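User: Please take a close look at one loop residue in this structure, and then work outward from there. I would like to follow the reasoning where a cut-off is involved.

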Amino acid sequence: ARFPDNSYKTAFRDFLRLKYKDKRFDVVIAVQELALDFVREYRSELFGDSPIVYFATSAIARPPNSTGIVPHVDFSSTLALVTQLQPDVRELFVISGTEVGDKEYEGLARDQFRPFESQFRITYLSGLATRDLERGLASLPPHSAVYYLIVNRDGTGEYVHPLEYLDRLAAVTNAPIYCWVDSAIDRGIVGGSLKSQQAQAEAVARLALRVLH
């Protein structure tokens with residue numbers, strides 16, 4: 001997801017073609033839409049008629065001979081937690097990046113956060129240069145909270161590791177940070193209604209076993 005440009009995609013296709021020439025896969029697992037798009041585009045030359053098991057975060061057109069999991073992405077329950085832990089919060093600052101997936105998450109968040117607009121003044125810090133974002137987070141007004149969605153690429157076009165980026169932001173912000181996924185634990189967040197990535201992987205694995213059987 002951090003290298004979505006066409007040149008990388010082409011190089012990755014060529015690598016797989018050479019490495020697995022004349023091999024047949026019993027199942028192909030694609031995690032997230034970018035991977036599924038890659039499998040769909042190069043399926044015939046890389047994977048033949050092998051069945052596909054996918055995990056996606058939004059509704060998709062299901063490819064032939066495939067099955068998958070599309071869970072509800074829950075951002076709003078974390079806001080409910082904010083109101084319980086910090087009932088004095090009035091300002092909410094939402095952080096996301098400029099990569100395609102970052103923007104998709106931001107769109108989902110905007111839809112889910114609308115019912116909370118009477119409780120918080122919500123500011124979307126989307127696609128800022130890292131230095132500008134750090135400067136702003138260091139001087140947030142009183143009664144503020146930060147919601148970290150995801151950043152794979154900042155406003156200057158630099159690709160980053162989302163969790164390492166969260167480390168960097170947590171070191172400078174003067175307000176509590178909340179999140180929605182469990183990998184952010186121990187990265188400076190207070191908490192949130194956290195998606196279990198282990199449960200996600202186990203669900204995909206169980207589905208792949210059914211296909212193999």
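Analyst: Asn65 has a relative accessibility of 47%, so it counts as partly exposed: the label covers values between the 20% limit for buried and the 50% limit for exposed. The model is a predicted one. Asn65 sits in the loop between strand E2 (52-55) and strand E3 (66-69). Its phi is near 50°, which is positive although Asn65 is not a glycine. For background, most residues other than glycine have a negative phi.

The next residue to look at is Ser66. Ser66 belongs to strand E3. Its relative accessible area is 9%, so Ser66 is buried. Leaving aside residues up to four places away in sequence, Ser66 touches Ile52 and Tyr54.

A positive phi also turns up at Gln32, with a value of about 80°, and Gln32 is not a glycine either. Gln32 is in the loop between strand E1 (28-31) and helix H2 (33-46). With 22% relative accessibility, Gln32 is partly exposed, because buried would require a value under 20%.

Gln200 gives a case on the other side of that limit. Gln200 lies in helix H7, which covers residues 197-212. At a relative accessible area of 15%, Gln200 is buried. The contacts of Gln200, not counting residues up to four places away in sequence, are with Val31, Phe55 and Lys195.

Now the chain as a whole. The chain holds 7 helices and 7 strands. Their order along the sequence is α-β-α-β-β-α-β-α-β-α-β-α-β-α. Of the 213 residues in the chain, 41% are buried. The C-alpha atoms fill a box of roughly 60 × 35 × 30 Å along the principal axes. If we take contacts between residues at least 6 apart in sequence, 65% of them join residues at least 24 apart. The accessible surface is about 11,400 Å², and carbon and sulfur atoms account for 52% of that surface. As for charge, there are 24 positive and 27 negative side chains, and the centres of the two sets are 4 Å apart.

The interior can be described through its nonpolar cores. In soluble globular proteins, nonpolar side chains tend to be buried together. The largest nonpolar core here has 39 residues, and Phe75, Ile95, Phe113, Tyr147, Tyr148 and Trp180 are the members that touch the most other members. Elements that give two or more residues to this core include helix H3 (76-85), strand E4 (91-96), helix H4 (100-113) and strand E6 (144-150). The largest share, 6 residues, comes from E6.

Trp180 shows what such a core member meets. Outside residues up to four places away in sequence, Trp180 touches a list of residues that includes Val73, Phe75, Tyr105, Tyr147, Tyr148 and Leu194. A second core is separate and has 12 residues, among them Leu16, Ala30, Val39 and Tyr42.

Helix H3 is one of the contributors to the largest core, and its buried side can be followed in detail. Ser76, Thr78, Leu79 and Val82 are buried in H3. Down the helix axis, the buried residues of H3 fall within an arc of 150°, so they line one face. The general geometry behind this is that an α-helix has 3.6 residues a turn, so residues three or four places apart point the same way. The buried residues of H3 pack against E4, H4, E6 and E7.

Two more loop residues complete the picture. Gly191 lies in the loop between E7 and H7. Its relative accessible area is 8%, so Gly191 is buried. Apart from residues up to four places away in sequence, Gly191 touches Leu81, Ile177, Tyr178 and Cys179. Between Gly191 and Asp132 there are 25 Å in space, C-alpha to C-alpha, for a separation of 59 residues in sequence.

Pro142 is found in the loop between H5 and E6. Pro142 has a relative accessible area of 62% and is therefore exposed, since exposed means over 50%. The C-alpha atoms of Pro142 and Ala30 are 43 Å apart, and the two residues are 112 residues apart along the chain.

To return to the starting point: Asn65, in the loop between E2 and E3, is partly exposed, whereas Ser66 in E3 is buried.

Terms used: Residues numbered from 1 in each chain as written. Predicted model: local features only at pLDDT ≥ 70, side-chain atom pairs only at ≥ 80, totals over all residues. Heavy atoms only, no water. Core = buried A, V, L, I, M, F, W, Y, C linked by side-chain atoms within 4.5 Å. Buried < 20%, exposed > 50% of the residue type's maximum accessible area, 1.4 Å probe, protein only. Helix = DSSP H or I, 4+ residues; strand = E, 2+ residues; numbered from the N terminus. Contact = heavy atoms within 4.5 Å. Arc of directions from axis to C-beta. Areas by Shrake-Rupley, 256 points an atom, 1.4 Å probe, with all protein chains shown as cover. Lys, Arg positive; Asp, Glu negative; His and termini not counted. Charge placed at Lys NZ, Arg CZ, Asp CG, Glu CD.
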